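Subject: Structure handover

Hi,

Here is the structure I promised to pass on. Have a look at it first, and then read on for what turned up.

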Amino acid sequence: YEVNGRPSLQFTGIAEAGAGFGAYCGCDFQAPQRFSTSAVDRARAVVRALGAALAGLGYRGVFGVDVLVHDGSAVVVEINARPQGSTWLLGEIERGEGRAPLLVRHVLERHGRCTDDEEAPHPAAGSQLGIRHRGPAGTVTAAPRSGVHALDGDRLVWRRPGSGRLECVDD
């Protein structure tokens with residue numbers, strides 16, 4: 001088994017984004033640099049141990065682990081034996097670095113091709129925010145163009161095509 005993802009800080013419970021207590025609403029792959037190295041190392045050790053346990057049970061696939069780290073302890077909140085919302089952003093970050101995205105590496109490995117990809121533990125610029133509309137029903141008259149966006153001052157500007165949740169359906 002191989003653990004070669006990156007840590008990210010998960011956004012949850014942001015009422016202004018329509019997310020209640022415990023509801024996922026995005027992540028930030030640069031935020032872990034604000035934590036001590038020992039805190040990130042503790043979380044990574046827990047994820048490695050869980051990866052070994054999943055492999056021991058015969059699981060071969062992408063997985064994510066939500067970990068809380070506080071005062072020298074790392075506590076597992078949730079294990080997701082599937083791609084998560086942050087997996088898509090991670091793929092875009094890896095593409096930007098000239099690396100094959102995690103999900104592409106997974107498919108190649110499952111079909112017998114060794115990708116020999118090294119772990120990239122360093123933080124990377126990239127965040128996403130999912131907003132849930134909780135107001136009265138309305139009509140959507142325009143949707144954001146699918147792809148990678150960035151803020152230019154206070155404006156959201158489309159930068160290039162990119163994979164993400166909007167590619168899931170034609171409409």
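Which residues form a nonpolar patch on the surface? They are Leu-68, Val-75 and Val-77, and together they have about 280 Å² of accessible area. Before I go further, please keep in mind that this is a predicted model.

Two of those patch residues sit in strand β4: Val-77 is placed there, in residues 73–80, and Val-75 is found there too. Val-77 counts as exposed because its relative accessible area is 53%, and the cut-off for exposed is over 50%. Val-75 has 46%, so it is partly exposed. Leaving out residues up to four places away in sequence, Val-75 touches Asp-66, Val-67 and Leu-68. Val-75 also has Ala-43 at 8.3 Å, C-alpha to C-alpha, though the two are 32 residues apart in sequence.

What does β4 pair with? Strand β3, residues 64–70, runs antiparallel to β4, and seven bridges join them. One of the pairings to look up is Gly-64, whose bridge partner in β4 is Asn-80. The two strands make a hairpin with two residues between them. In that turn, Asp-71 has a positive phi of about 45°.

Now the overall picture. The chain has three helices and seven strands. Starting at the N terminus, the order is β-β-α-β-β-α-α-β-β-β. There are 171 residues, and 29% of them are buried. If you take the contacts with a separation of 6 or more, 50% are between residues 24 or more positions apart. The accessible surface comes to about 11,400 Å², and carbon and sulfur atoms account for 55% of that.

On to the inside. The largest nonpolar core has eight residues, namely Cys-27, Phe-29, Val-62, Leu-89, Leu-90, Ile-93, Leu-102 and Ala-124. Helix α2, residues 85–96, gives the largest share of this core, with three residues. Cys-27 is a good place to start clicking around. Apart from its neighbours within four places in sequence, Cys-27 is in contact with Ser-8, Leu-9, Gln-10, Phe-11, Ser-86, Leu-89, Gly-126, Ser-127 and Gln-128.

How many of the residues of α2 are buried? Nine of its twelve, so to speak a mostly covered helix. The buried ones are Gly-85, Ser-86, Thr-87, Leu-89, Leu-90, Gly-91, Glu-92, Ile-93 and Glu-94. Among the elements that cover them are β2 (24–28), α3 (102–110), β5 (127–129), β6 (148–152) and β7 (155–160). After α2 comes Gly-98, which has a positive phi near 80°.

Last, the charges. Side chains of opposite charge can pair when their charged atoms come close. The count of salt bridges here is six. One of them joins the side chains of Arg-6 and Glu-97, at 2.7 Å from N to O. That pair links distant parts of the chain, 91 residues apart: Arg-6 belongs to the segment before β1 (9–12), and Glu-97 to the loop between α2 and α3. Are the two partners buried or exposed? Arg-6 is buried, since its relative accessible area is 9% and buried means under 20%. Glu-97, at 34%, counts as partly exposed.

Another salt bridge brings together Arg-105 and Glu-94, at 3.3 Å from N to O. This pair also links distant parts of the chain, with Arg-105 in helix α3 and Glu-94 in helix α2, eleven residues apart. Both Arg-105 and Glu-94 are buried.

Glu-97 turns up again in a salt bridge with Arg-99, at 3.6 Å from N to O. Arg-99 has a relative accessible area of 17%, so this residue is buried. Which residues are linked in a network of salt bridges? Arg-6, Glu-94, Glu-97, Arg-99 and Arg-105 are.

If you want a route through the model, begin with the patch of Leu-68, Val-75 and Val-77, move to the core that holds Cys-27, and finish at the network that includes Glu-97.

Cheers

Key. Residues numbered from 1 in each chain as written. Predicted model: local features only at pLDDT ≥ 70, side-chain atom pairs only at ≥ 80, totals over all residues. Heavy atoms only, no water. Patch = residues over 30% accessible without salt bridge, like charges linked within 9 Å, V, L, I, M, F, W, Y side chains within 5 Å. Areas by Shrake-Rupley, 256 points an atom, 1.4 Å probe, with all protein chains shown as cover. Salt bridge = Lys/Arg side-chain N within 4 Å of Asp/Glu carboxyl O. Helix = DSSP H or I, 4+ residues; strand = E, 2+ residues; numbered from the N terminus. Buried < 20%, exposed > 50% of the residue type's maximum accessible area, 1.4 Å probe, protein only. Contact = heavy atoms within 4.5 Å. Core = buried A, V, L, I, M, F, W, Y, C linked by side-chain atoms within 4.5 Å. Pairing = 2+ DSSP bridges.
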